[in-house]
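Subject: Structure handover

Hello,

Here is the structure I promised to pass on. Please have it open while you read the notes below.

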Amino acid sequence: MNSAPFAASVSVVVPAMNEAANLPHVFATLPGWIDEVILVDGNSTDDTVAVARALRPGLRVVTQTRRGKGNALTEGFAAATGDIIVMIDADGSTDGREIAAFVTTLVEGADFAKGSRYAPGGGSDDISPTRSLGNRMLTLITNRLYGTRYTDLCYGYNAFWARHLDALALDCDGFEIETLMNVRAAQAGLVIREVPSHERSRIHGTSNLHAVRDGLRVLRTILRERTRRTDLPVPARQETAAA
């Protein structure tokens, strides 16, 4: 049962592949009032699932059927039972203690709470100057094409009401999943509010992110979505970032 401080139930989806060493830190940051934690295991070859189960009694485990972060998140979202779905990373870069800010933003009227490292109060210990420049350019293109006012397009800390899953209609497997969510939330006319977030450095292991390859995938997604037909092509309603 959700004992505090929100009436809405909350599911947290954590995609993970070979993250056994990071999970103790990640799970330690999760608030005790979360109703459900879903670990989407990308067929790990280490003790990811065993460690997760030991750390979190009642954990739900979904075994990924394909490959890629996008597929993992899509399958985790489909399995979630909460009113609100929060997506975080298993490498320690996203701080579970920020979940309350995301949920508060939704409860106060937003449909989609979008994490931003560049909103006032946000930051990053990890992003390189090259990646930051690429992200800013992709963000600018998205804002010009879709009329949004995003400050951080390529960040994987987001939360949304589960009832909007159909509007997002997620159908990609890779790192471009965050971009797809942001663009389709705008296309669907959802009320979007940015939430300041501070990205930490990965604790153990190496990232599967490849700046050029994944940046090109993000750009193709931005351009492709311009030609996608939607049933309700209404503009997004984006509020200013929280202080």
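Start at Lys69. Setting aside neighbours within four places in sequence, Lys69 is in contact with Asp89, Gly156, Asp173, Gly174, Phe175 and Glu178. One of these partners is far off in sequence: Gly174 lies 105 residues from Lys69 along the chain, yet their C-alpha atoms are separated by 5.3 Å. Keep in mind that this is a predicted model. Lys69 belongs to helix α3. Is Lys69 buried or exposed? Its relative accessible area is 15%, so Lys69 counts as buried, the cut-off being under 20%.

Next, the helix pair. Lys69 is also part of the contact between α3 and α7. α7 covers residues 177-187. The axes of the two helices are 9 Å apart, and they pack at an angle of about 55°. The pair is therefore oblique. Which residues make the contact? On the α3 side they are Lys69, Gly70, Leu73, Thr74 and Phe77. On the α7 side they are Ile177, Glu178 and Met181. By type, the contact of α3 with α7 has 4 nonpolar, 2 polar and 2 charged residues.

Stay with α7 for a moment. How many of its residues are buried? The count is 11 of the 11, so α7 is largely enclosed by the rest of the structure. The buried set includes charged residues: Glu178 and Arg184 are in it. Leu180, Val183 and Ala185 are also among the buried residues of α7. Just after α7 comes Gly189, with a positive phi of about 75°.

Now the loop before α3. Thr65 sits there, between β3 (60-63) and α3 (69-79). Thr65 is exposed, because its relative accessible area is 62% and the cut-off is over 50%. Beyond its neighbours within four places in sequence, Thr65 is in contact with Asn71 and Glu75. The side chains of Thr65 and Glu75 are joined by a polar contact of 2.2 Å. Another pair to look at is Thr65 and Asp41, 24 residues apart along the chain. Their C-alpha atoms are separated by 9.4 Å.

On to the interior. Nonpolar side chains tend to be buried together in soluble globular proteins. Here the largest nonpolar core has 32 residues. Which of them touch the most other members? They are Val12, Val86 and Ile99. Several elements each supply at least two residues of this core. The strands are β1 (10-16), β2 (36-41), β4 (84-87), β7 (158-161) and β8 (191-196). The helices are α1 (23-28) and α4 (99-107).

Val86 is worth selecting on your screen. Leaving out neighbours within four places in sequence, its contacts include Val10, Ser11, Val12 and Val13. Val86 is also in contact with Ile99 and Val103. Tyr157, Asn158 and Ala159 complete the list for Val86.

A second, separate core has 30 residues. Leu73, Phe77, Leu153 and Phe160 are among them. Leu73 and Phe77 also take part in the contact of α3 with α7.

β8 also holds Glu194. With a relative accessible area of 2%, Glu194 is buried. Its side chain has a polar contact of 2.7 Å with the side chain of Thr151.

Two loop residues have backbone values to check. Asn43 has a positive phi, near 60°, and is not a glycine. Its loop runs between β2 and α2 (48-55). Asn43 is partly exposed, at 46% relative accessibility. The other is Ala169, also not a glycine, with a positive phi of about 45°. Ala169 lies in the loop between α6 (165-168) and α7. It is partly exposed too, with a relative accessible area of 30%.

Last, the whole chain. It has 8 helices and 10 strands. Of its 243 residues, 53% are buried. Many contacts span long stretches of sequence: among those between residues at least 6 apart, 78% join residues at least 24 apart.

Best wishes

Terms used:
Residues are numbered from 1 along each chain as its sequence is written. This is a predicted model: local features need pLDDT of at least 70, side-chain atom pairs count only at pLDDT 80 or more; totals for chains, interfaces and linings use all residues. Side-chain values use heavy atoms; hydrogens and water are left out. Helices (H or I, at least four residues) and strands (E, at least two) are DSSP runs, numbered from the N terminus. Buried means under 20% relative accessible area, exposed over 50%, partly exposed in between (1.4 Å probe, protein chains only). Contact means heavy atoms within 4.5 Å. A polar contact is a pair of N or O atoms within 3.5 Å; within protein, one must be able to donate a hydrogen and the other to accept it, and residues adjacent in sequence count only if both atoms are side-chain atoms. Axes are lines fitted to C-alpha atoms, for helices over the stretch in contact, and angles run from 0 to 180 degrees between N-to-C directions. Angles under 35 degrees count as roughly parallel, over 145 as roughly antiparallel, 65 to 115 as roughly perpendicular and the rest as oblique. A nonpolar core is a set of buried Ala, Val, Leu, Ile, Met, Phe, Trp, Tyr and Cys residues joined through side-chain atoms within 4.5 Å.
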